[in-house]
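Here is a structure to look over with some care. The questions that follow take up its parts in turn, and each is answered from the coordinates.

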Amino acid sequence: MKLTKFTDLSLRAVMRLAVAEGDSSLTTREVAEAMDVPYTHMAKAVSRLQHLGVVEARRGRGGGLGLTALGRRATVGWLVRELEGEDEVVACEGEQPCPLRAACRLRSALRRAQESFYAELDTLSVAELSASPAGPVLLSLSGRAN
Ligand code: SF4
């Protein structure tokens, strides 16, 4: 399976936010710069993460982006499913449906493989993504102290 770029940079954003605590929340621009992606792409990812309830924008002094409680305890598998959608790994249907699709054993095997892929990611929470050795590196990318 190959993740979309959108999913990948969304995961980068939650990893960076997972190591930001309290009143040191980051802006979307700072997360984009830390992860070396265009601001507009990161803004779309952050918007989607907010819609999912994973990220919140805090107002006032020390405000900025932060992970919600749901965002911290969410599994990576759940988040990737939400970001990737329900599509199968191959396009059996669509404009030119495959003639084998009614009886294809490959299709069912790929579905099982896809579920195994997500099941493995279900063993890891978003908060765990920022554990060592990733945490110190994530903090160093922004140029800001936590
Ligand atoms: S061969 Fe099977 S898996 Fe491939 S497109 Fe056709 S139905 Fe889908």
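Q: At roughly what angle do the axes of helix α2 and helix α3 cross?
A: The model shown here is a predicted one. Helix α2 covers residues 28–35 and helix α3 covers residues 39–51, and their axes come within 9 Å of each other. The crossing of α2 past α3 is right-handed, and the angle between the two axes is roughly 120°.

Q: Which residues of α3 are met by residues of α2?
A: On the side of α2, the residues taking part are T28, R29, V31, A32 and M35. The residues of this contact divide into 7 nonpolar, 1 polar and 1 charged. Their partners in α3 are Y39, M42, A43 and V46.

Q: Is α2 mostly covered or mostly open, and how many of its residues are buried?
A: The buried residues of α2 are T28, E30, V31, A32, A34 and M35. The helix has 8 residues and is mostly covered, the number buried being 6.

Q: What is the phi of D36, and where along the chain is D36 found?
A: Most residues other than glycine have a negative phi. D36 is a residue other than glycine, yet its phi is positive, near 60°. D36 counts as exposed because it has 9 C-beta neighbours inside 10 Å. It follows α2, and its place is the loop between α2 and α3.

Q: Which peptide bond is cis, and what is its omega?
A: Most peptide bonds are trans. An exception is found at P133, a residue in the loop between α7 (126–129) and α8 (134–142). The cis bond joins S132 and P133, with an omega of about 10°.

Q: Is A20 buried or exposed, and how far is its C-alpha atom from that of L67?
A: A20 lies in the loop between α1 (5–18) and α2. It has 22 other C-beta atoms within 10 Å, and because 20 or more are needed for a residue to count as buried, A20 is buried. Although A20 and L67 are 47 residues apart along the chain, their C-alpha atoms are separated by 8.6 Å.

Q: Which residues does V80 touch, leaving aside those up to four places away in sequence?
A: V80 is found in helix α5, which covers residues 76–84, and it is buried because 20 other C-beta atoms lie within 10 Å. From R59, which is 21 residues away along the chain, V80 is separated by 28 Å between C-alpha atoms. The residues that V80 touches are L3, T7, Y118 and L121.

Q: Which residues does L79 touch, again leaving aside those up to four places away in sequence?
A: L79 is likewise found in helix α5, and it counts as buried because it has 22 C-beta neighbours inside 10 Å. L79 and Y118 are 39 residues apart in sequence, while their C-alpha atoms are 9.7 Å apart in space. The residues that L79 touches are V54, A74 and V126.

Q: How far apart are the end C-alpha atoms of helix α6, and how many of its residues are buried?
A: Helix α6 runs over residues 105–121, and at 1.5 Å a residue its 17 residues should span 24 Å. The end C-alpha atoms are 25 Å apart, which agrees with that expectation. The helix lies largely in the open because, of its 17 residues, the number buried is 0.

Q: Which residues surround the ligand?
A: By class, the shell around the ligand holds 7 nonpolar residues, no polar ones and 2 charged ones. The residues that make up this surrounding are V90, C92, C98, L100, R101, C104, L106, R107 and L110.

Q: In what order do the elements of the protein chain run, and how many helices and strands are there?
A: Along its principal axes, the C-alpha trace of the protein chain spans about 60 × 30 × 25 Å, and buried residues make up 25% of its 146 residues. Among contacts between residues at least 6 apart in sequence, 66% join residues at least 24 apart. From the N terminus on, the order is α-α-α-β-β-α-α-α-α-α, with 8 helices and 2 strands.

Key
Residues are numbered from 1 along each chain as its sequence is written. This is a predicted model: local features need pLDDT of at least 70, side-chain atom pairs count only at pLDDT 80 or more; totals for chains, interfaces and linings use all residues. A residue is near a molecule or strand if its C-beta atom, placed from the backbone, lies within 6 Å of it. Ala, Val, Leu, Ile, Met, Phe, Trp, Tyr, Cys and Pro count as nonpolar, Asp, Glu, Lys and Arg as charged, and the others, Gly among them, as polar. Axes are lines fitted to C-alpha atoms, for helices over the stretch in contact, and angles run from 0 to 180 degrees between N-to-C directions. Helices (H or I, at least four residues) and strands (E, at least two) are DSSP runs, numbered from the N terminus. A crossing is left-handed if the near helix is turned anticlockwise from the far one by less than a right angle, and right-handed if clockwise. Two residues are in contact if their C-beta atoms, placed from the backbone, lie within 7 Å. The expected span of a helix is 1.5 Å times one less than its number of residues. A residue is buried if 20 or more other C-beta atoms lie within 10 Å of its own, exposed if 12 or fewer, and partly exposed in between; C-beta atoms are placed from the backbone.
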